[in-house]
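User: I am new to this structure. Please take a close look at a single strand for me, and then show me a few spots elsewhere.

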Amino acid sequence: MTALLPRPDRYADIDLEAIRANVRQLRKVSYPAKVMAVVKADAYGHGMVPVARAALEAGAAWLGVAHISEALQLRQAGIDAPVLAWLHTPGSDFDGALEAGVDIGVSGWELDYVVAAARRQQRPARIHLKIDTGLGRNGSTAELWDGLVAEALQCQDEGLLRVVGIFSHLAVADEPHRPETDEQLQRFREAVAVAEDAGADLEVRHLANTPGLLSRPDTHFDLVRAGLGIYGLSPFSGQLPQELGLRPAMTLRTRVASCKEVPAGQGVSYGLNYMTGTPSTLALIPVGYADGIPRVATGGPVRINGTTYPVVGRIAMDQMVVDLGPRRSDEGGSSLLGAEAEIFGDGTGGGPLADDWAAAAGSINYEVVTRISPRVPRLYRNVEAAADSALVEGAPQTGLLSKLAVPGAGA
Ligand SMILES: *Cc1c(COP(=O)(O)O)cnc(C)c1O
């Protein structure tokens, strides 16, 4: 029997030193622009508070989130760095944002809500006006821009708010050859000029996301909003993280839950869509779509003892199966029961990447890491900058780090 380390049966191993190194690399590429670490969606599944702390330690100047509620979680964890939240509804907690000193992205209708909150809270809001330069999602249309700027500056004169930023979001920066980025850049420059001509005294103008910051220095302005890159993933198809000086921070691991010999013609998993072609050994991998593995991703890679196998048959809620091939009973005690199975990681030694699962699922690496579900514990490596590599169990929602170091986990 394999001696089992007291680790969870499945976990996401988050290397905070990789986060720090990625932030430093992105700062270098973006210099002299500053870096906003985008930690929305629980830091793309990596755990918002631990990642935010690591990013700030490595010199990120700002944090970015979609929701005010996410920004408030950062504040509750004691993080006092500048935070911008940009996606709201009329029910969003603008009062809470003001009270917590959270900057608010304003595309149009939010202005009235922010002003009302500023009156109630008797403190000025800090807002970043957003222009839609072509993405067609949030942001003011060019048509309404001059009016929005004028109204915001009027409110600024009344002491209700301060316009600290202008921003926009790129649509196709992951395909650097496309001309639409030039058009967006041109519209952004015009929108900034309108605001500055009207008297706005801006702290930050920001446009670039990770693909923009990596491929288009002309999109950097004062600040870049980096999400994917700080997690060490590549936004470009056909370009690996290490080619960009990045290292994936999340490794998803479990252990083989069963290893058994079956005859040829054994059907595997619901629908019996896969049949063994020869007498085979099947290994059961105890993660499934409830853990965030996409159900459609049959064929996705699992690394066991240095060999990568594709998942066969349907991925179920809790589990999936790999076919280890012809029977190995002749190899004696070769059962892989309890062996470590890596679903994806940083790719060292040819190991699987989140990108491989994205390909199997017809999706993108962003979605693969972000969907890893709360059922999967996050364990943090290198919690203290430049510390040893013991794993610490994290409670990302609260930012509490219990000191449950797992012995023997350094690797
Ligand atoms: C999510 C998001 C980002 C980060 O994008 P990446 O491609 O992950 O760097 C930046 N800006 C806005 C407005 C976003 O919604």
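Analyst: What follows starts with one strand and its partners, then moves to a helix residue and to some backbone details.

The model is predicted. The part to look at is strand 10, which covers residues 250-255. This strand is mostly covered, and six of its six residues are buried.

Look at the side chains next. In a regular strand they alternate between the two faces of the sheet. In strand 10, M250, L252 and T254 point one way. T251, R253 and R255 point the other way. Both sets are buried.

Now the partners. Strand 1, residues 10-15, pairs with strand 10 in the antiparallel sense. Five bridges link them. Find L252 in strand 10, and A12 stands opposite. Strand 18, residues 340-344, also pairs with strand 10 in the antiparallel sense, over four bridges. Here R253 has E342 as its bridge partner.

For a second place, go from L252 to Q121. The two are 131 residues apart in sequence. In space, their C-alpha atoms are 44 Å apart. Q121 lies in helix 6, which spans residues 110-121. Is Q121 buried or partly exposed? Its relative accessible area is 25%, and the cut-off for buried is under 20%, so Q121 counts as partly exposed.

What does Q121 touch, leaving aside its neighbours within four places in sequence? It is in contact with D95, L98 and E99. With D95 there is a polar contact, side chain to side chain, at 2.9 Å.

Last, the backbone. Most residues other than glycine have a negative phi, and most peptide bonds are trans. Three spots depart from that pattern.

One is the bond between Y31 and P32. This peptide bond is cis, with omega about 10°. P32 is found in the loop between helix 1 (16-30) and strand 2 (34-38).

Another is D42. Its phi is near 55°, a positive value, and D42 is not a glycine. D42 is found in helix 2, residues 40-44.

Then comes N382. Its phi is positive too, about 60°, although N382 is not a glycine. N382 is found in the loop between strand 19 (378-381) and strand 20 (391-395). Is this residue buried or exposed? N382 is buried, because its relative accessible area of 10% falls under the 20% cut-off.

How values were computed
Residues are numbered from 1 along each chain as its sequence is written. This is a predicted model: local features need pLDDT of at least 70, side-chain atom pairs count only at pLDDT 80 or more; totals for chains, interfaces and linings use all residues. Side-chain values use heavy atoms; hydrogens and water are left out. Buried means under 20% relative accessible area, exposed over 50%, partly exposed in between (1.4 Å probe, protein chains only). Helices (H or I, at least four residues) and strands (E, at least two) are DSSP runs, numbered from the N terminus. Two strands pair if DSSP finds at least two bridges between them. Contact means heavy atoms within 4.5 Å. A polar contact is a pair of N or O atoms within 3.5 Å; within protein, one must be able to donate a hydrogen and the other to accept it, and residues adjacent in sequence count only if both atoms are side-chain atoms.
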